[in-house]
Amino acid sequence: MPLDFTAIDFETANSSNASACSVGLVKVRDGLVVDRVAWFIRPPAGFDHFNEWNTRIHGIMAPDVEEAKLWSEQLADLVAFADDDFLVAHNAGFDMGVISGACRASFVDIPDFRYLCSLQVARKTYTLDSYRLPIAAMAAGFEDFAHHDALADSEACAAIIVHAANRHDASSIEELARITGCRIGAIGARAADSTPMFRA
């Protein structure tokens, strides 16, 4: 099977995982980036206040998302771009929590995805003092990117997975997960009937 996946990264307006205000997605086919897209998101009502700390991190303010689609209005675009791929994200629990939280806050169904965490893969691939995204990406040869820009972060995440797969001689996300002993998680309906994949 080829190394196909979609890397994803969210920025949030505040501490709630329902407050997605930006997303970046990078599509990889056979280990090569073939498409990338990013857009602002207007968070669901009640979760749409911008915390000063979050804005200090990513630079996004309330006026930036005033004309953006609501989460419920753009979720279909996200799902269509990912196209049933494995999702990969750095600290994937956060990003999958954003998808689930924003869907619950918007009263829409959580889409079905399987996912792999590039943070966990990096920990099983490199020997580093820190496995934060900029450090892990540097180990993968991806440097000098705008950290906390959703598209740049998803590109860095994709670079880590591709580099790690090459280093482990893994030809697919499933094989990379097996070799590194990392769990393939699931959200949506798949979460109820998926079998976590671990290396013993």
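This is a short tour of a sheet, a helix that lies across it, and a pair of packed helices, all in a predicted model.

**Stop 1: the sheet.** Start by colouring the strands. You should find six of them forming an open sheet, in the order 3-2-1-4-5-6, with mixed pairing. Now pick out the edges: strand 3 (32-40) and strand 6 (185-187) each pair on one side only. As you step across the sheet, the twist from one strand to the next averages 30°.

**Stop 2: inside the sheet.** Select residues 5-12, which make up strand 1, together with residues 87-89, which make up strand 4. These two strands run parallel and are joined by two bridges. For a closer look, centre on Ala7: its bridge partner in strand 4 is Val88.

**Stop 3: a helix across the strands.** Add residues 150-168, and helix 7 appears. Helix 7 lies across strand 1, strand 2 (20-29), strand 3, strand 4 and strand 5 (113-117). Against strand 2, helix 7 runs at about 35°.

**Stop 4: two packed helices.** Next, show helix 3 (residues 71-82) and helix 4 (residues 92-106). How far apart are the axes of helix 3 and helix 4? They lie 10 Å apart, and the helices pack at an angle of about 135°. That angle falls outside the range over 145 degrees that counts as roughly antiparallel, so helix 3 and helix 4 are oblique to each other. Their crossing is left-handed.

Finally, turn on side chains where they meet: Trp71, Ser72 and Leu75 from helix 3, against Ile99, Ala102, Cys103 and Ser106 from helix 4. By class, this contact has five nonpolar and two polar residues, with no charged ones.

Methods. Residues are numbered from 1 along each chain as its sequence is written. This is a predicted model: local features need pLDDT of at least 70, side-chain atom pairs count only at pLDDT 80 or more; totals for chains, interfaces and linings use all residues. Side-chain values use heavy atoms; hydrogens and water are left out. Axes are lines fitted to C-alpha atoms, for helices over the stretch in contact, and angles run from 0 to 180 degrees between N-to-C directions. Helices (H or I, at least four residues) and strands (E, at least two) are DSSP runs, numbered from the N terminus. Angles under 35 degrees count as roughly parallel, over 145 as roughly antiparallel, 65 to 115 as roughly perpendicular and the rest as oblique. A crossing is left-handed if the near helix is turned anticlockwise from the far one by less than a right angle, and right-handed if clockwise. Contact means heavy atoms within 4.5 Å. Ala, Val, Leu, Ile, Met, Phe, Trp, Tyr, Cys and Pro count as nonpolar, Asp, Glu, Lys and Arg as charged, and the others, Gly among them, as polar. Two strands pair if DSSP finds at least two bridges between them.
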